[in-house]
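Open the model in your viewer and keep the selection panel at hand. We will go from one stop to the next.

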Protein chains: 2
Amino acid sequence: MTDTAPRPTLEAVAARAGVSRATVSRVVNGGDGVRDVLVERVRKAVDELGYVPNQAARSLVTRRHDAVAVVVAEPETRVFADPFFALQLRGISKELTAHDNQLVLLLTEGRDDHARVGRYLAGGHVDGALVFSLHLDDPLPELIQRAGVPTVFGGRPGWSGDRRDVVYVDSDNRGGARDAVRHLAGLGRTRIAHITGALDQTSAADRLDGYRDVMVDAGPGLIAEADFTPAGGERAMRELLERCPDVDAVFAANDLTAVGALRVLRASGRRVPDDVAVIGFDDMLPVAEQTDPPLTTVRQDIEEMGRLMARLLLRGLDRDAPREGVGAPPSSVVLPTTLVRRESA
Amino acid sequence: MTDTAPRPTLEAVAARAGVSRATVSRVVNGGDGVRDVLVERVRKAVDELGYVPNQAARSLVTRRHDAVAVVVAEPETRVFADPFFALQLRGISKELTAHDNQLVLLLTEGRDDHARVGRYLAGGHVDGALVFSLHLDDPLPELIQRAGVPTVFGGRPGWSGDRRDVVYVDSDNRGGARDAVRHLAGLGRTRIAHITGALDQTSAADRLDGYRDVMVDAGPGLIAEADFTPAGGERAMRELLERCPDVDAVFAANDLTAVGALRVLRASGRRVPDDVAVIGFDDMLPVAEQTDPPLTTVRQDIEEMGRLMARLLLRGLDRDAPREGVGAPPSSVVLPTTLVRRESA
DNA sequence: CGTGCGCACGAGAGCGCTCTCACCATGCTG
DNA sequence: CAGCATGGTGAGAGCGCTCTCGTGCGCACG
């Protein structure tokens with residue numbers, strides 16, 4: 001735990017290079033309009049002194065921070081006890097880094113914490129925010145919009161339907177669900193059930209919608225509600241078997257739910273996929289590949305989602321647009337999904 | 001994507017409250033030495049104007065940022081495709097938040113990226129750093145030490161043996177391994193094998209040491225090297241069965257490895273735990289509970305590790321110490337592990 | 001009643017940077 | 001050859017805050 005040494009200032013570099021502060025500043029920020037001789041001289045001085053600009057001083061005048069907040073709400077941190085979180089973060093990080101932006105991570109801890117996040121964002125410490133808050137009743141999005149911080153959401157916010165200015169990046173949950181169910185139908189299955197996710201999240205609702213798109217005449221008996229967890233999957237599967245013992249296919253809202261379903265199916269003596277075909281969602285790798293049998297599932301490109309969120313945000317901040325007004329204002333993006341065939345369906 | 005509005009300054013608050021800037025500053029920073037009447041008046045003005053201090057301006061003069069960098073090296077981000085990362089981060093976040101510090105996340109992408117991180121840390125943007133870099137040959141720790149930023153490491157760095165000033169937080173990998181092996185021995189097992197983790201990481205090396213502590217006379221035939229992945233676990237288990245078909249217990253370096261081992265054992269017709277007892281490490285919940293049979297494993301309190309890292313760092317920054325010099329300089333901490341008995345051993 | 005002390009407050013100087021603007025060479029046009 | 005763009009450079013103001021000092025006041029003391 002060493003202590004920081006005093007760092008050289010612009011002034012020091014200017015003195016050493018025999019130019020003015022202004023010129024050094026110009027060189028440090030690209031060097032346009034400075035003769036090559038001087039640029040060279042300043043660069044040398046910078047190297048020799050090990051000069052690094054003081055970001056605080058810079059922000060004070062530019063009102064830019066080159067920093068973006070990533071807000072993850074508490075309920076999500078549980079969901080993110082899977083690679084989802086890490087991957088998305090990685091995509092975000094890559095994109096931000098490529099544009100020299102820092103990533104300030106804000107994890108909320110319970111609802112009281114929302115105020116703190118709101119205050120922080122309103123405090124103008126960051127240029128924008130990437131927010132994961134997929135619950136319908138979450139006050140956070142509203143709070144953030146009010147804070148006046150440019151924001152891109154991860155996953156469609158529940159209330160976004162009526163607001164045109166909300167920008168989000170999402171997977172094509174509905175389309176992916178349709179693909180899954182169509183695949184099951186293509187296998188000749190006719191009694192295709194669906195185990196939902198937590199329906200207060202748009203992803204779960206959208207997947208259910210996709211299922212219904214294909215199974216227009218599915219009775220409610222074939223739909224069981226769960227919560228994205230293996231335990232929930234078990235419960236729902238048992239329920240389904242009771243209501244409809246001759247079910248021959250299950251589309252689970254995510255891979256973890258599918259794991260629970262698989263376990264119950266096996267315990268009931270049914271073979272997968274011979275008796276009951278099973279499809280998950282996410283392609284959560286350590287899980288989907290390890291199940292018995294390996295899980296057919298709908299893959300979403302999670303890292304790309306993160307990257308895209310960051311890209312949209314930065315574009316909105318005019319970091320990217322070469323000329324003012326050239327880039328259209330960013331609008332939401334829905335990424336395609338792909339069905340990954342393994343052995344469970 | 002709304003745009004930020006101009007924010008009120010100290011000056012504005014001062015004018016409204018009819019006091020000087022200095023007084024407002026005093027109130028905002030605790031209010032010592034200001035008459036209650038004025039404190040009240042200033043507070044009111046702050047509320048009415050929705051004043052939030054400009055952190056950049058403040059940092060410029062205080063040279064404090066109330067921000068801490070969390071550095072995660074690339075190889076780790078893969079390992080952290082498990083709840084490890086999220087949990088640790090959560091612990092860190094909680095502790096930092098409690099002390100009004102921000103969390104700046106730095107994920108490195110390949111070795112070239114180290115320089116960037118070094119530059120950032122040397123740039124004095126943050127008051128300290130929490131670093132995850134558990135590989136023996138990683139240049140990052142050295143780089144960071146040279147940057148002169150107070151740092152606490154997550155996991156014992158490979159080269160820390162000879163350096164007294166390195167502060168880290170780690171689990172008692174060695175002790176946990178000993179417990180696991182002793183438990184297996186206590187079950188009457190005599191041919192207890194060990195599947196190692198990636199031995200360029202101290203955690204893997206320490207667990208191997210713990211195994212050896214108990215199995216002082218274990219032949220090399222009972223040790224197979226793997227890499228913390230299920231696939232590695234499978235490979236190693238096959239190897240072990242070949243070399244020692246009558247093995248009756250396996251201590252795997254982590255839960256994922258154990259999953260691979262379980263699969264091979266089952267495929268070979270052996271029953272767990274009847275024929276072969278298996279113990280993992282981590283208690284990675286979605287995994288350990290879902291295996292067949294549920295996995296006996298060594299649990300480490302991951303969130304607490306994160307919290308502790310942050311606490312040590314902040315203490316080192318004198319955020320905590322009520323009086324100068326009262327708190328001893330922070331030293332490394334090794335957290336205990338606990339054996340969680342399920343059904344595999 | 002004068003002196004001294006302590007306390008509450010304000011004035012003002014920076015922190016390190018960016019950015020506007022004025023200045024001074026040039027080089028070109030009329 | 002005067003006049004005027006043009007482009008490179010420096011001087012200086014100011015971003016919003018903290019913090020040191022100096023000032024004025026009330027009070028206890030001699």
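Which element gives the most to the surface near DNA strand D? Select α4 of chain B: with 5 residues, α4(B) gives the most to that surface. Bear in mind that this is a predicted model.

**Stop 1: around DNA strand D**

Stay with DNA strand D and show the 25 residues around it. Label A:Ser20, B:Leu10, B:Ser25, B:Asn54 and B:Ala57, which come nearest. Now color by element. In chain A, α2 (21–28) and α4 (55–62) each supply at least two residues of this surface. In chain B, α2 (21–28) and α4 each do so too. Then color by class. The surface near DNA strand D has 13 nonpolar, 8 polar and 4 charged residues.

**Stop 2: where chain B touches chain A**

Hide the DNA and select the contact between the two chains. Chain A puts in 47 residues, and chain B puts in 44 residues. Look at the chain B side. α4 (55–62), α6 (83–98), β2 (102–107) and α12 (255–267) of chain B each supply at least two residues there. Pick out α6(B): with 6 residues, α6(B) gives the most to this side. By class, the side of chain B that touches chain A has 23 nonpolar, 15 polar and 6 charged residues.

**Stop 3: the paired strands**

Select residues 102–107 of chain A, which form strand β2. Add β2(B). These two strands run antiparallel, and 3 bridges join them. Which residue is the bridge partner of A:Val104 in β2(B)? Label B:Val104, the partner of A:Val104.

Definitions and conventions: Residues are numbered from 1 along each chain as its sequence is written. Chains are lettered from A and ligands numbered from 1 in the order in which they are written. This is a predicted model: local features need pLDDT of at least 70, side-chain atom pairs count only at pLDDT 80 or more; totals for chains, interfaces and linings use all residues. Two residues are in contact if their C-beta atoms, placed from the backbone, lie within 7 Å. Helices (H or I, at least four residues) and strands (E, at least two) are DSSP runs, numbered from the N terminus. Ala, Val, Leu, Ile, Met, Phe, Trp, Tyr, Cys and Pro count as nonpolar, Asp, Glu, Lys and Arg as charged, and the others, Gly among them, as polar. Two strands pair if DSSP finds at least two bridges between them. A residue is near a molecule or strand if its C-beta atom, placed from the backbone, lies within 6 Å of it.
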